[in-house]
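Thanks for sending this one over. Here are my notes, in the order I'd go through them at the screen.

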Amino acid sequence: ILGGDFGIEEQLYKDGDMSCNWIKRISLLLFYGINENGGSYDLSSLIKKYEDDVVSGIAPKPEVLQDRNSTIVSRPKSLIYYLIHLCNAIVRGKEEKLRLSDVIQPLGHISSPHNFSGAFQLASILSGLKCCVPLSEIEQAQLLSGHVVQLISAGKWEYAVYILLCSVGKTSLRAWRLHQAKQIVLQHFGPENKKLREMLIEKIGVPSVWIQEGLAGRFANSGNTFSYVQEVRSYSMDLAREALERTLVPTTFFRSHEEVSKCLEFLRPFSITADTLSATIVQLYDLSQEIEEVSDQLTLGSETNIKSLSTRANLIEKNLIRFKSSLENVSHPSINETGEVFVPMQCFLADNLSGISYLKLQISALESGGSIWDN
């Protein structure tokens with residue numbers, strides 16, 4: 001190269017000398033080459049001359065230097081060569097722009113650790129500079145999917161979320177990218193990832209509701225009903241109430257006294273609306289307690305108090321009948337979100353209808369001046 005002798009270089013290449021490579025050939029043309037007009041090559045004519053020499057068989061192909069010993073018949077061109085081509089295209093004008101997929105590797109993975117043609121940062125930079133024809137939707141999805149798989153395999157799922165939320169090229173895949181990012185969060189975020197929470201929300205822009213849903217899913221899978229509902233409650237009271245009525249309510253009265261009290265206290269914030277199942281179950285429990293109090297303290301058993309108890313009992317019974325009639329005929333045990341085997345809702349409501357009938361019988365005893373404790 002120092003002597004500028006093209007003949008020696010060409011002969012070495014023909015003899016299979018591994019010291020010859022495309023970078024040396026371009027360097028010779030750049031420093032010592034003379035164009036048709038007797039001057040030095042500019043970038044465009046330099047590339048054309050080099051490619052003509054490759055076709056003529058007197059110059060090495062622009063292969064990745066680290067892959068030259070590979071037995072693969074068709075080896076990829078060097079990323080550096082692609083970038084030189086891109087610079088040439090920019091110099092020649094926008095109408096000569098290359099496709100981004102011709103510069104990078106859309107599949108996102110190259111076996112050689114020295115080849116960065118699949119680097120997400122490179123795709124982002126070139127896309128932001130708008131110096132290439134953007135990737136197609138399929139190429140963009142391939143690129144992102146390739147990086148996501150690699151990052152998750154390396155235990156860096158939070159960065160997989162990051163690249164999915166970044167915009168590369170067209171934004172027509174926004175819905176797909178958001179869905180993929182959310183699924184990763186739901187699958188991987190757990191109570192042990194508290195340190196990642198701030199980064200995901202404040203730096204990456206992950207909606208906090210994704211994290212709450214992810215935690216809810218983890219608690220559900222571990223059978224922690226209370227924590228599951230508590231986490232759902234943090235982003236939707238309605239969803240939490242529905243989850244409660246599917247998971248906790250049917251087993252409320254089949255627990256220990258301590259657990260029943262805990263369940264009812266847990267249900268009370270969801271019982272503001274009187275016609276919900278949660279409110280009806282809380283009302284049923286409160287009614288049974290008040291009937292006992294009235295029977296224990298006969299001075300409180302005035303006609304007005306007893307009439308109020310009777311009115312409330314009728315309303316609870318009406319609601320239970322309404323809930324029961326709205327259900328399908330399910331008579332076998334089911335599995336809820338938290339993996340617990342629980343009483344079918346239809347059976348639960350039937351049992352509570354029997355319970356309210358018994359409470360009404362107790363109220364009738366009080367109305368006649370007796371006690372619920374009488375034989």
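1. Start with Trp157, which has a relative accessible area of 8% and so falls under the 20% cut-off for buried. Keep in mind throughout that this is a predicted model. Phe189 counts as buried as well, at 1% relative accessibility.

2. Now the aromatic pairs: the count comes to three. In one of them, Trp22 and Tyr81 meet edge-to-face, with 5.5 Å centre to centre and 80° between the planes. That pair links distant parts of the chain, since Trp22 sits in helix H2 (residues 22–32) and Tyr81 in helix H4 (residues 79–92), 59 residues apart. Both Trp22 and Tyr81 are buried. Trp157 and Phe189 also form an edge-to-face pair, at 6.5 Å centre to centre and 85° between the planes. Here Trp157 belongs to helix H8 (residues 157–165), while Phe189 is in the loop between helix H9 (174–188) and helix H10 (194–204), so the pair ties together parts 32 residues apart in sequence.

3. Which residues make up the aromatic cluster that includes Trp22? Tyr50 and Tyr81 join Trp22 in one cluster. On a separate ring, Arg322 lies over the face of Phe323, at 4.6 Å from the ring centre.

4. Back to helix H8, where Val161 is also found. Val161 is at 0% relative accessibility, so Val161 counts as buried. Leaving aside residues up to four places away in sequence, Val161 touches Ala181, Ile184, Val185, Ile204 and Val206. For a backbone distance to check, the C-alpha atoms of Val161 and Leu178 are separated by 8.9 Å, and the two residues are 17 apart along the chain.

5. Next, helix packing. Helix H7 (residues 137–153) and H9 pack at about 10°, their axes 12 Å apart. An angle under 35 degrees counts as roughly parallel, and H7 and H9 are therefore roughly parallel to each other. On the H7 side the contact is made by Gln140, Ala141, Leu144, Ser145, Val148 and Ile152. On the H9 side, Trp176, Arg177, Ile184 and His188 make the contact. Note that Ile184 is also one of the residues touched by Val161.

6. How do H12 and H14 pack, in angle and axis distance? Helix H12 (residues 225–233) and helix H14 (residues 257–267) are at an angle of about 5°, with axes 12 Å apart. That makes H12 roughly parallel to H14. Phe226, Val229 and Gln230 of H12 make the contact with Lys262, Cys263 and Phe266 of H14.

7. Take a look at helix H13 (residues 237–247) too: Ala240, Arg241, Ala243, Leu244, Glu245 and Thr247 are buried there. Arg241 and Glu245 are on that list, so I'd have both on screen when you go through H13. The cover over the buried residues of H13 includes H12, H14, helix H15 (277–296) and helix H17 (345–367).

8. Finally, the overall numbers. The protein has 17 helices and four strands, and 40% of its 375 residues are buried. Of the contacts with a separation of 6 or more, 61% are between residues 24 or more positions apart. The accessible surface comes to about 21000 Å², and carbon and sulfur atoms hold 54% of that.

Note on methods
Residues are numbered from 1 along each chain as its sequence is written. This is a predicted model: local features need pLDDT of at least 70, side-chain atom pairs count only at pLDDT 80 or more; totals for chains, interfaces and linings use all residues. Side-chain values use heavy atoms; hydrogens and water are left out. Helices (H or I, at least four residues) and strands (E, at least two) are DSSP runs, numbered from the N terminus. Buried means under 20% relative accessible area, exposed over 50%, partly exposed in between (1.4 Å probe, protein chains only). Contact means heavy atoms within 4.5 Å. Accessible areas come from the Shrake-Rupley method with a 1.4 Å probe; for residues, only the protein chains shown count as cover. Rings of Phe, Tyr and Trp (its six-membered ring) pair if their centres lie within 6.5 Å; planes under 30 degrees apart count as stacked, over 60 as edge-to-face and the rest as tilted. A charge sits over a ring if NZ of Lys or CZ of Arg is within 6 Å of the ring centre and within 35 degrees of the ring normal. Axes are lines fitted to C-alpha atoms, for helices over the stretch in contact, and angles run from 0 to 180 degrees between N-to-C directions. Angles under 35 degrees count as roughly parallel, over 145 as roughly antiparallel, 65 to 115 as roughly perpendicular and the rest as oblique.
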